[in-house]
Amino acid sequence: MKIIVSAGGSGGHIYPALSIIEYFQKQEKNLEVLYIGTHNRMEKEIVPKKGIPYEKLEIYGFNKDIKRDIKNVFLIRKAKKKCLKIMKDFKPDVVIGVGGYVTYPVVWAAHQLGIKTFIHEQNSRPGKVNYLVSRYADVVGITFKSSESYFKKAKKVVYTGHPSLDTHVTEKLDIRTLGFSKDQPLVLYVAGSLGSSSLNQKMIDFLNGPREGYSIFYVVGSNVHLEDFKSQITNHKDLKIVDYFEDLPKIMSECEVVISRAGAGTLFEIIALGKKSIVIPSPNVANNHQYYNAKELEENNVITVLSEEKLSKEILNERIFSLLKDNYKTQELKKNMKRYQEKKPLEEIYNLVKDLTCSSKKR
């Protein structure tokens, strides 16, 4: 099987794409993969380190900067031509788009050449690019059932769930190596791979307040200056602050409560690992999709949601202690998570793509 995979811009798109590739590699001994991403975003560093062949496109999202947007129109045309050439040379059986503006010329080119396409939407409210290219796609995979209504022009929409639902942690992490005691519960804070400056500022008051009965592992985010942030913290008892942690599922599997943003990847890692959570949706994302991600899961009683506007050290402490002590609440959350845990998204995505390759070879 030969596939082209495209995703870019943020970990919320890139890591699901890598999960898909890794699963396919296990199923297909002779799998050939080519990844198409941007020339300047995080995937250009992450993907080649995995040993995956990488092609870069110079392309940007539209942002109401007239000069840059005009330039981007020409860059998109150039990217389309490059994608057509790449596909004629590589001859993929299927092209897979997993989100981000870089996927537009990739999926477009595949459609022009009659190559089968599969796209996956991680959020409850689809991004503009996935909404646009869904008319070219042979199959659209969705994480949330509610997303289906946004893809009315798509040929086929399948509720697959999120690739993070297939999270498996095989190696145990001894939290003592991070300086924590096993005698008290661990609370993990993570606000996405890049971090959130607005949320970090609000959390300083909480971190400097009294803390009894639990430890905190705080991932501040790679876009935040670690030492500057640490210098504002006065209470370092039972607290470790890092800017980045490579294997979040591993540390997540050892904690009792997760405090996070509402990116789809993190939410479904929380569900896959059966963790109690306090989710604080970002108000500064496209289509307010984090709010809708969180809303749907809260309505199904698998997470607890706290708005950033209402965040205070008193309320956050109260929520943490409630989740640590309320066994009935814990049982309800874990019971409701099972409905999601039963899904096998990577297996379903693989089977859908496999079917597309078979139909492609019949042409």
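How many of the nine residues of helix α9 (residues 264-272) are buried? The model examined here is predicted, so that local features were considered only at pLDDT of at least 70 and side-chain atom pairs only at pLDDT 80 or more, whereas totals for chains, interfaces and linings use all residues. Residues are numbered from 1 along each chain as its sequence is written, and side-chain values rest on heavy atoms, with hydrogens and water left out.

Helix α9 is mostly covered, eight of its nine residues being buried, where buried denotes under 20% relative accessible area, exposed over 50% and partly exposed the range in between, for a 1.4 Å probe and protein chains only. Helices (H or I, at least four residues) and strands (E, at least two) are DSSP runs numbered from the N terminus. The buried positions of α9 are Ala264, Gly265, Thr266, Leu267, Phe268, Glu269, Ile270 and Ile271. The elements covering these residues include the strands β8 (186-190), β11 (257-260) and β12 (276-279) together with the helices α8 (248-252), α10 (289-299) and α12 (327-341), contact being defined by heavy atoms within 4.5 Å. Just after α9, Gly274 adopts a positive phi of about 65°.

Three of the strands named above belong to an open sheet of six strands, which has the order β10-β9-β8-β11-β12-β13 and parallel pairing; two strands are taken to pair if DSSP finds at least two bridges between them. Strands β10 and β13 (304-305) stand at the edges with a single partner strand each, so one side of each is left without a neighbour in the sheet. Within this sheet, β11 and β12 are joined in the parallel sense over four bridges, and Val257 has Lys276 of β12 as its bridge partner. Helix α11 (residues 313-325) packs on the sheet through β8, β11, β12 and β13, and its direction makes about 160° with that of β12; axes are lines fitted to C-alpha atoms, for helices over the stretch in contact, and angles between N-to-C directions run from 0 to 180 degrees.

Another open sheet contains seven strands in the order β3-β2-β1-β4-β5-β6-β7, again with parallel pairing. Its edge strands, β3 (54-57) and β7 (157-159), each pair on one side only, and neighbouring strands are turned by 20° against each other on average, direction ignored. Strand β5 (residues 116-121) runs parallel to β6 (residues 139-142) and is joined to β6 by four bridges, with Glu121 standing opposite Ile142 in β6. Helix α4 (residues 103-112) lies across β1 (2-6), β2 (32-38), β3, β4 (94-97) and β5, and runs at about 155° to β4.

The largest nonpolar core comprises 42 residues, of which Tyr218, Leu297, Leu316 and Ile320 touch the most other members; such a core is a set of buried Ala, Val, Leu, Ile, Met, Phe, Trp, Tyr and Cys residues joined through side-chain atoms within 4.5 Å. Helix α6 (residues 197-208) supplies the largest share of this core, five residues. A second, separate core of 30 residues includes Cys83, Val129, Ile142 and Phe151. When residues up to four places away in sequence are not counted, the contacts of Tyr218 include Tyr189, Met203, Leu207, Phe229 and Ile241.

Positive phi values also occur at residues other than glycine. Lys91, in the loop between α3 (66-90) and β4, has phi near 55° and is exposed, with a relative accessible area of 55%. Asp238, in the loop between α7 (226-230) and β10 (239-242), has a positive phi of about 50° and is partly exposed at 28%.

The salt bridges, each a side-chain nitrogen of Lys or Arg within 4 Å of a carboxyl oxygen of Asp or Glu, come to 16. Lys71 and Glu58 meet in one of these, at 4.0 Å from N to O, and thereby link helix α3 to the loop between β3 and α3, the two residues being 13 residues apart. Lys116 forms a salt bridge with Asp138, with 3.8 Å between the closest N and O atoms; because Lys116 lies in strand β5 and Asp138 in the loop between α5 (128-133) and β6, the pair ties together parts that are 22 residues apart in sequence. Asp138 is buried at 13% relative accessibility. In a further pair, Lys250 and Asp247, the closest N and O atoms are 3.8 Å apart, Lys250 being buried at 17% and Asp247 partly exposed at 32%. Shared partners join Lys116, Asp138 and Lys155 into one network of salt bridges.
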